[in-house]
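Student: I am new to this structure and would like to know how its labels are justified. Can we go through them one at a time?

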Amino acid sequence: MENIVPGQLARWEIHGFRTMDDLDVGNIKEEAKARWLRPNEIHAILCNYKYFSIHVKPVNLPKSGTIVLFDRKMLRNFRKDGHNWKKKKDGKTVKEAHEHLKVGNEERIHVYYAHGEDNPAFVRRCYWLLDKTLEHIVLVHYRETQEMQGSPVTPVNSNSSSAQSDLSASWVLSEETDSGPNPASYTAEKAQLEPGASINLKNHEMRLHEINTLEWEELLVPDDPELNAPNGGVKLMLLLVELEAPQETINLVSLLIN
């Protein structure tokens, strides 16, 4: 059984905040207007929800920066906030992406986020713990931000109050209906060149360098004095064809060497 010390926050050894003064909720609420909460801050609040007010009714049209707590056992429709959120193909169900956040070395938090239908930059995030004994408490955060749907989201690991919660820190998305190709896997596929592709590219670049650095006389007249100039012109023509030069360029060179 967990030992309770007066004034000491539950699970402080995980999230890092020993007391409410350490957590500094007033500052968090102020900063929540400009940033997302960090995973350890979310964990601390959800583990110590008894220190906070729990809303018994959905909030109506909450503004950017709003943070509210609900008990999902008591209020199932806490998402009915009056905002118009992007829907799935059925046109009825709100489209929410889902991921797990780490605090320390373990995944401890669910996060579901939705984007506004009329304003995709307006985002709602719903957090609750994976811990079955506390999963009924949900923290909802609304924010006007620069992220677009399908963007990278909150970092999945944080055990420090200085850890940032920028959306560019993570690419993990899951359980999002009708989402496009995974940008991370797409980038990885693009990075895997076909066998020999890098060698061919290098040869191509070397040939371009040859044309760009040689003088016209060197291109048109072969090193072997027994060969005539037209054969040098053929050399240049072959190089241009090999490099898939525009037809206009080939026609111009043909006029020059003839």
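Tutor: Start with what counts as an element: a helix is a DSSP run of H or I with at least four residues, and a strand is a run of E with at least two. In this predicted model, the chain comes to nine helices and five strands.

Student: In what order do the elements run from the N terminus on?

Tutor: The order is α-α-α-α-β-β-β-β-β-α-α-α-α-α.

Student: What makes S2 and S3 paired strands?

Tutor: Pairing requires at least two bridges found by DSSP. Seven bridges join S2 to S3, residues 106–115, and the two run antiparallel. Seven meets the cut-off of at least two, therefore S2 and S3 count as paired. Among the facing residues, Ala97 has Tyr113 in S3 as its bridge partner, and Leu101 stands opposite Ile109 in S3.

Student: What links S2 to S3?

Tutor: They form a hairpin with two residues between them, and Gly104 in the turn has a positive phi of about 75°.

Student: How do you know that S3 also pairs with S4?

Tutor: By the same test: at least two bridges are needed, and seven join S3 to S4, residues 122–129, again antiparallel. Val111 stands opposite Tyr127 in S4. Here the hairpin runs through six residues.

Student: Why are S1 and S2 called edge strands?

Tutor: The open sheet of five strands has the order S1-S5-S4-S3-S2, with antiparallel pairing. S1 (67–71) and S2 (97–103) each have a single partner strand, so one side of each is left without a neighbour in the sheet. Neighbouring strands of this sheet are turned by 25° against each other on average, direction ignored.

Student: Why is S3 described as largely enclosed?

Tutor: A residue is buried when its relative accessible area is under 20%. Eight of the 10 residues of S3 are buried, so the rest of the structure largely encloses this strand. For the chain as a whole, 38% of the 258 residues count as buried.

Student: How much area does the chain expose, and what part of it do carbon and sulfur atoms supply?

Tutor: About 15,700 Å² is exposed, and carbon and sulfur atoms supply 53% of it.

Student: What share of the contacts joins residues at least 24 apart?

Tutor: A contact means heavy atoms within 4.5 Å. Among contacts between residues at least 6 apart in sequence, 54% join residues at least 24 apart.

Conventions
Residues are numbered from 1 along each chain as its sequence is written. This is a predicted model: local features need pLDDT of at least 70, side-chain atom pairs count only at pLDDT 80 or more; totals for chains, interfaces and linings use all residues. Side-chain values use heavy atoms; hydrogens and water are left out. Axes are lines fitted to C-alpha atoms, for helices over the stretch in contact, and angles run from 0 to 180 degrees between N-to-C directions. Buried means under 20% relative accessible area, exposed over 50%, partly exposed in between (1.4 Å probe, protein chains only). Accessible areas come from the Shrake-Rupley method with a 1.4 Å probe; for residues, only the protein chains shown count as cover.
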